[in-house]
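Visitor: I've never looked at this one before, and I'd love a close look at a single spot. Could you take it slowly and show me what surrounds it?

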Amino acid sequence: MSTVRSSSLEAATVAPVGNVQPDGTAFHVLAAVSFAHLLNDTIQSVLPAIYPVLKAAFGLSFGQIGLMTLSLMLTASLLQPLVGLYTDRRPTPYALAVGMTFSLAGLLLLSVAWTFGLLLTAAGLVGLGSSVFHPESSRVARMASGGRHGLAQSLFQVGGNVGSSLGPLVAAFLIAPFGQRSIAWCSLLAITGIAVVSKVGRWSRSRMSQPSHRTASRAGAASPVSSKRVVGSIAILAALIFSKYFYMASLSSYYTFYLMSKFHVSVRTAQLDLFIFLAAVAAGTILGGPIGDRIGRKPVIWGSILGVLPFSLLLPHATLFWTPILTVIIGLILASAFSAIVVYAQELVPGRIGLISGVFFGFAFGMGGLGAAVLGELADGIGIEAVYRLCAFLPAIGLLTAFLPDVERPRRVARPI
């Protein structure tokens, strides 16, 4: 009883004043960060969604499309660990607004680009905005969690996945009918995002100035396992990220082309099917965190990576009727992996929230970009349908989860009494 009282008092001390639930979770902040994530990832997902438009306008090959995704994802990945390391040592609440400003510049350039080089530059600017946005926003989400780290990470992630699902709709109903210059209207998303994250930055600065937050940040800095096991576990988690995001790249970047090639559907129909898949990813994301808070992250990682394998093996052989159904199932299951992996890694290396968030968000984006580039070149050589047959085996890498240590016990979050 005394332990519960102590935990409750500590949560109340650390929690910000106003709009906070009894358990200390600042849902108003989580909602704002999730909405900003939605805007950021909508902007980021517009680019892959308009690939058919750009391919026709500029005469691009699949390899060049892969290079655009590589430019987007590499700038979104390489800088993230550095940004996270910097903000661990010197938190920068207004970094979120800076990131959104880079994305705004990328959108405006994309709307007027007239060469392939400018398209690559615009993609790189959008990616740069994400590299600044994600580590600090993930830190803010954890700061606002009130101890419910999985729930907070899932709420943060679901905003990004909803945003990713909206990109194809923007492409289908705004950019495809009106052309490249209509991309400039998407700048309103970035401007809205700057306004939202500026308010989040003020909350974050106020929260970090509290002595209780500084004390909590220093607490519990020791890893629950040895350094050797930490390194091995991070390597396994990296392999799981590789599996997830290479497979996701086959769907997010080339699903429209696969549908048009195999089933001869229209561009708009293919984009709507892509939206359905990404919406399923968004819906599945919210499950991983809360379930992980209750039963542990490792079981969630097991189910979300390896559990996709039967459906990924069936997908290349499915009819037009079954293909969207299978991709919805795949999206729902696979989506729960990332938030569980990030929180598991944060608990492996406590006290380095920004660095770990930057490493894993960055590695995920990098693998997505590398996957798009490799699979694009492969599609040019062997055909898009053959690519899907090969990618079907990637979720089998989920077997490596067996070698992860158990770093936590299933637990319920203590509530004040």
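In which loop does His264 lie, and which helices are on either side of that loop?

Guide: Happy to. First, a word on what you're looking at: this is a predicted model, in which local features need pLDDT of at least 70 and side-chain atom pairs count only at pLDDT 80 or more, while totals for chains, interfaces and linings use all residues. Residues are numbered from 1 along each chain as its sequence is written, and side-chain values use heavy atoms, with hydrogens and water left out.

Now to your spot. His264 sits in the loop between helix H12 (255-263) and helix H13 (267-295). (Helices here are DSSP runs of H or I with at least four residues, strands are runs of E with at least two, and both are numbered from the N terminus.) His264 isn't a glycine, yet its phi is positive, about 60°. As background, most residues other than glycine have a negative phi, and most peptide bonds are trans. His264 has 66% relative accessibility, so it counts as exposed. For that word and its partners, buried is under 20% relative accessible area, exposed is over 50%, and partly exposed is in between, with a 1.4 Å probe and protein chains only.

Let's step into the two helices beside the loop. In H12 you'll find Thr256, which is buried because its relative accessible area is 6%. Leaving out residues up to four places away in sequence, Thr256 touches Pro52, Ala270, Gln271 and Leu274, where contact means heavy atoms within 4.5 Å. Over in H13 there's Leu287, which is partly exposed at 45% relative accessibility. Its C-alpha is 7.3 Å from that of Ser154, though Leu287 and Ser154 are 133 residues apart in sequence.

Follow Thr256's partner Pro52 and you land in helix H3 (residues 51-58), where Tyr51, Pro52 and Leu54 are buried. Seen down the axis, those buried residues fall within an arc of 165°, so they line one face of H3. The arc is that of the directions from the helix axis to the C-beta atoms. Ala56 and Ala57, on the other side of H3, are exposed. After H3 comes Gly59, which has a positive phi too, near 65°.

Next, go backwards along the chain from H12 to helix H11 (residues 227-252), whose axis comes within 12 Å of the H16 axis, with a crossing of roughly 150°. Axes are lines fitted to C-alpha atoms, for helices over the stretch in contact, and the angles run from 0 to 180 degrees between N-to-C directions. H11 and H16 are therefore roughly antiparallel to each other; angles under 35 degrees count as roughly parallel, over 145 as roughly antiparallel, 65 to 115 as roughly perpendicular and the rest as oblique. The crossing of H11 and H16 is left-handed, as the near helix is turned anticlockwise from the far one by less than a right angle (clockwise would be right-handed). Where they meet, H11 brings Lys244, Tyr247, Met248 and Leu251, and H16 brings Thr327, Ile330 and Leu334.

H16 itself covers residues 322-334, 13 residues in total, and reaches 18 Å from its first C-alpha to its last, close to the 18 Å expected at 1.5 Å a residue. That expected span is 1.5 Å times one less than the number of residues. The buried residues of H16 are Thr323, Pro324, Leu326, Thr327, Ile330, Gly331 and Leu334. They cover an arc of only 160° around the axis, which puts them on the same side of H16.

One more stop in H11 is Ala239. Leaving aside residues up to four places away in sequence, Ala239 touches Ile397 and Leu400. Its C-alpha lies 8.5 Å from that of Gly398, with their positions 159 residues apart in sequence.

Finally, zoom out. The protein chain has 19 helices and zero strands, and buried residues make up 56% of its 417 residues. Among contacts between residues at least 6 apart in sequence, 84% join residues at least 24 apart.
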